[in-house]
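The following points are offered as a colleague's note on the structure shown below. They are best followed with the coordinates open.

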Amino acid sequence: VRVPVTLKTRIGLTKDNFVGDRLVRLSEEHGAAAVIMHGRWASDMHAGPVNLEYLFRSAAAAKKIHVIGNGGVMDRSGALAILNTGCRGVMIGRGAVGNPLIFREIIESKALLADARERVKIFLSLIKENVLFYGEHTGIMRSRKTVGFWLKDFNGASQARVKFLSLNNLKDIEQLLKNL
C-alpha cells in the first residue's frame, strides 16, 4: 500500500511486563510509519495514571519513526506531560468526547470549555450523523453510550440524561435538546 501504516498498542499487557520499547523497534524495523503508544497496561484498560516513564522509554527506542503518546489526556496539561516524555505527538481519545474544544485548548495554550448550549448543539449534530449513517434505531442506540459526556454541568442535566435514554426517535430527541 502507498499510505502510512501505523501501530497502536500499549506499554505492555500487565504490570511489570513492559514491552513498549521492543514493540517500537520491531515496528520501525518492519516498516511502520509511526507507533501510537498508550501509556497504561492493557490489563488496566482506562483506569489509573499513565506511566510516563515507560512512554519515555518507548519514545527513546525510536530511531527513525515518531512515537505518538496516548492515554488519559483530558486537557492541555495531560498533553504536555506526554510530550515531555519525548513523544512526537499526542493522540486523544475519550478526552475529546463531550469536550470538542480540547484540541484548540492544547494548541492555543488556554483553557476553553464549551458551554452547555454549545455541547448540546454539537451532541445533536453527532446524533443526526449517527442516524444518517446507521438508521434511526441504531444511530440513537449508539448515541446513548456518550450522553453522560455531553449532557452535564447544567441544571436539569441528570433529568435530561434519564429522559434521553427513554427516547427512541430523532424528533423526540430534537425536542428534548431544543428545550434545554
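Which residues make a nonpolar surface patch of about 330 Å²?

1. The patch is made by V1, V3 and V5. The model in question is a predicted one. V3 lies in the segment that precedes strand β1 (6-10). With a relative accessible area of 54%, V3 is exposed; residues enter such a patch at over 30% relative accessible area, among other conditions, so the accessibility of V3 meets that cut-off.

2. As to the overall architecture, the secondary structure of the chain comprises nine helices and four strands. In sequence order, these elements follow the pattern β-α-β-α-β-α-β-α-α-α-α-α-α. The C-alpha trace spans about 55 × 35 × 30 Å along its principal axes.

3. On burial and contacts, the chain has 180 residues, of which 39% count as buried. Among contacts with a separation of 6 or more, 59% are between residues 24 or more positions apart.

4. Concerning the surface, the chain exposes about 10,800 Å², and carbon and sulfur atoms supply 55% of that area. The chain carries 27 positive and 16 negative charges, and the mean positions of these two sets are 2 Å apart.

5. I122 is placed in helix α5 (residues 116-134). Leaving aside residues up to four places away in sequence, I122 touches P100 and W150. P100 and I122 are 22 residues apart along the chain, and their C-alpha atoms are separated by 8.4 Å. Is I122 buried, partly exposed or exposed? I122 is partly exposed, because its relative accessible area is 23% and the buried class requires a value under 20%.

6. Two residues merit inspection of their backbone angles. Most residues other than glycine have a negative phi. M45, although not a glycine, has a positive phi of about 55°. M45 is found in the loop between β2 (34-38) and α2 (52-61), and at 54% relative accessibility it counts as exposed.

7. The second such residue is D153, which is likewise not a glycine and has a positive phi of about 65°. Where does D153 lie? D153 is in the loop between α7 (147-150) and α8 (157-166). Its relative accessible area is 66%, and D153 is therefore exposed.

Notes:
Residues are numbered from 1 along each chain as its sequence is written. This is a predicted model: local features need pLDDT of at least 70, side-chain atom pairs count only at pLDDT 80 or more; totals for chains, interfaces and linings use all residues. Side-chain values use heavy atoms; hydrogens and water are left out. Patches are made of residues with over 30% relative accessible area and no salt bridge: like charges are joined within 9 Å, nonpolar side chains (Val, Leu, Ile, Met, Phe, Trp, Tyr) within 5 Å. Accessible areas come from the Shrake-Rupley method with a 1.4 Å probe; for residues, only the protein chains shown count as cover. A salt bridge is a side-chain nitrogen of Lys or Arg within 4 Å of a carboxyl oxygen of Asp or Glu. Helices (H or I, at least four residues) and strands (E, at least two) are DSSP runs, numbered from the N terminus. Buried means under 20% relative accessible area, exposed over 50%, partly exposed in between (1.4 Å probe, protein chains only). Contact means heavy atoms within 4.5 Å. Lys and Arg count as positive and Asp and Glu as negative; His and the chain ends are not counted. The place of a charge is taken as NZ of Lys, CZ of Arg, CG of Asp or CD of Glu.
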